[in-house]
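Work through the exercises below with the model open beside you. Try each task before you read its solution.

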Amino acid sequence: IKGGAIPAEFIPSVNKGIEKTLERGILAGYPIVGVKVVLLDGNHHPVDSSDMAFQTCASICFKNGFLKANPILLEPVMKIEVNTPDEYIGDVVGNLNRRRGKIESMRRYRAGSQKLSGLVPLMEMFGYATALRNITSGRANYSMEFFQYEPLPKSVQEEYMKKQQEHINFNFQEIKILPGNVGYLKFSSFMDASSAGPTAIAAMNFLAHTDALIIDLTDNGGGS
């Protein structure tokens, strides 16, 4: 920034606005990583400029640029080791493949048994202990630890985002962003109590970057 386009006291405000947006996320409400932000130019008003105004402006600018960059979701991938008797090796490998797992190595563990090593997404591992016990009649065991984050496959990400949007649509008659960066939320009369918590979180993630929020409770059966 040259020539005083943005007063020096407001440059930290820009940084603060960006950092808050990175923490609360934009896509599905998850924190944002792997980005670099450079402040090139700007403007200010002698009366209306303030710390909060520059934070909000920075947040909106980042969101607009971020969404144009085709962002992707990352998922935690685990390193897994499975010790299994030889007769179950095919079933164990097949089960891991169905969970989007990748077998990296297979070696003799002891007489009649082998050790499989590979990588598998954490989201696919729920219920694996029970599945492995059923497949091997309780004769296999496994261990896993965090390895790294990797991009979620495009088809999986699209399905996840679709479900999240459907979740919001089911519980709200209308959700949108009005001029002036104001969020608008109108509750549905058939709000599903069992999903109210997750739905509210999804809605707040969608509206996280707004400056104000209007909640409309009219014609919803008197709920609140």
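The exercises below deal with a predicted model.

**Exercise 1. A salt bridge between two strands**

Task: Find the salt bridge partner of K115 and state what the pair ties together.

Solution.
- Step 1. Begin with the total. The whole structure holds 5 salt bridges.
- Step 2. Look at K115. Its partner is E81, and the closest N and O atoms are 3.8 Å apart. The cut-off is 4 Å, so the pair counts as a salt bridge.
- Step 3. Place both residues. K115 lies in strand β3 (residues 113–121), and E81 lies in strand β1 (residues 74–85). The pair therefore ties together parts that are 34 residues apart in sequence.
- Step 4. Check the cover. K115 has 13% relative accessibility and counts as buried. E81 has 32% and counts as partly exposed.

**Exercise 2. Salt bridges between loops**

Task: Locate the partners of R139 and R100, and name the loops involved.

Solution.
- Step 1. Take R139. Its side chain meets that of E87 in a salt bridge, at 2.8 Å from N to O.
- Step 2. Place this pair. R139 is in the loop between α4 (128–136) and β4 (141–151), and E87 is in the loop between β1 and α3 (89–98). Parts 52 residues apart in sequence are thus tied together. R139 is partly exposed, at 48% relative accessibility.
- Step 3. Take R100. It forms a salt bridge with E124, with the closest N and O atoms 3.1 Å apart.
- Step 4. Place this pair too. R100 sits in the loop between α3 and β2 (102–110), and E124 in the loop between β3 and α4. This pair ties together parts that are 24 residues apart in sequence.
- Step 5. Compare accessibility values. R100 is partly exposed at 24%. E124 is partly exposed, with a relative accessible area of 24%.
- Step 6. Look for shared partners. Salt bridges with shared partners join E75, R100 and E124 into one network.

**Exercise 3. Strand β3 and its neighbours**

Task: Decide whether β3 is mostly covered or mostly open, then find the strands it pairs with.

Solution.
- Step 1. Count the buried residues. In β3, 9 of its 9 residues are buried, and the strand is mostly covered.
- Step 2. Sort them by direction. S113, K115, S117, L119 and P121 point one way. Q114, L116, G118 and V120 point the other way.
- Step 3. Turn to β1. It runs antiparallel to β3, and 9 bridges join the two. V77 stands opposite P121 in β3.
- Step 4. Turn to β2. It is also antiparallel to β3, with 7 bridges between them. M106 has L116 in β3 as its bridge partner.
- Step 5. Follow the chain through the turn. β2 and β3 form a hairpin with 2 residues between them. G112 is in the turn and has a positive phi of about 85 degrees.
- Step 6. Look at R110, which lies in strand β2. R110 stands opposite S113 in β3. The relative accessible area of R110 is 54%, over the 50% cut-off, so R110 is exposed.

**Exercise 4. Two aromatic pairs**

Task: Which of these pairs is stacked and which is edge-to-face: F62 with F66, and Y128 with Y142?

Solution.
- Step 1. Know what to read. A pair of aromatic rings is described by the distance of the centres and the angle of the planes.
- Step 2. Note the total. The structure holds 5 aromatic pairs.
- Step 3. Read F62 and F66. Their ring centres are 5.6 Å apart and their planes are at 25 degrees, so the pair is stacked.
- Step 4. Place them. Both lie in helix α2 (residues 51–68), 4 residues apart, about one turn of the helix. F62 is buried at 11% relative accessible area, and F66 is buried at 13%.
- Step 5. Read Y128 and Y142. The centres are 4.9 Å apart, with 85 degrees between the planes, and the pair is edge-to-face.
- Step 6. Place them. Y128 is in helix α4 and Y142 in strand β4, 14 residues apart, and the pair links distant parts of the chain. Y128 is buried at 1% relative accessibility, whereas Y142 is partly exposed at 28%.

**Exercise 5. A nonpolar surface patch**

Task: List the residues of the nonpolar patch on the surface and examine Y149.

Solution.
- Step 1. Name the members. V33, I72, L74, F146 and Y149 form the patch.
- Step 2. Give the area. Together they have about 520 Å² of accessible area.
- Step 3. Examine Y149. It lies in strand β4 and is exposed, with a relative accessible area of 53%.

Terms used: Residues numbered from 1 in each chain as written. Predicted model: local features only at pLDDT ≥ 70, side-chain atom pairs only at ≥ 80, totals over all residues. Heavy atoms only, no water. Buried < 20%, exposed > 50% of the residue type's maximum accessible area, 1.4 Å probe, protein only. Pairing = 2+ DSSP bridges. Patch = residues over 30% accessible without salt bridge, like charges linked within 9 Å, V, L, I, M, F, W, Y side chains within 5 Å. Areas by Shrake-Rupley, 256 points an atom, 1.4 Å probe, with all protein chains shown as cover. Phe/Tyr/Trp six-rings, centres within 6.5 Å; stacked < 30°, edge-to-face > 60°.
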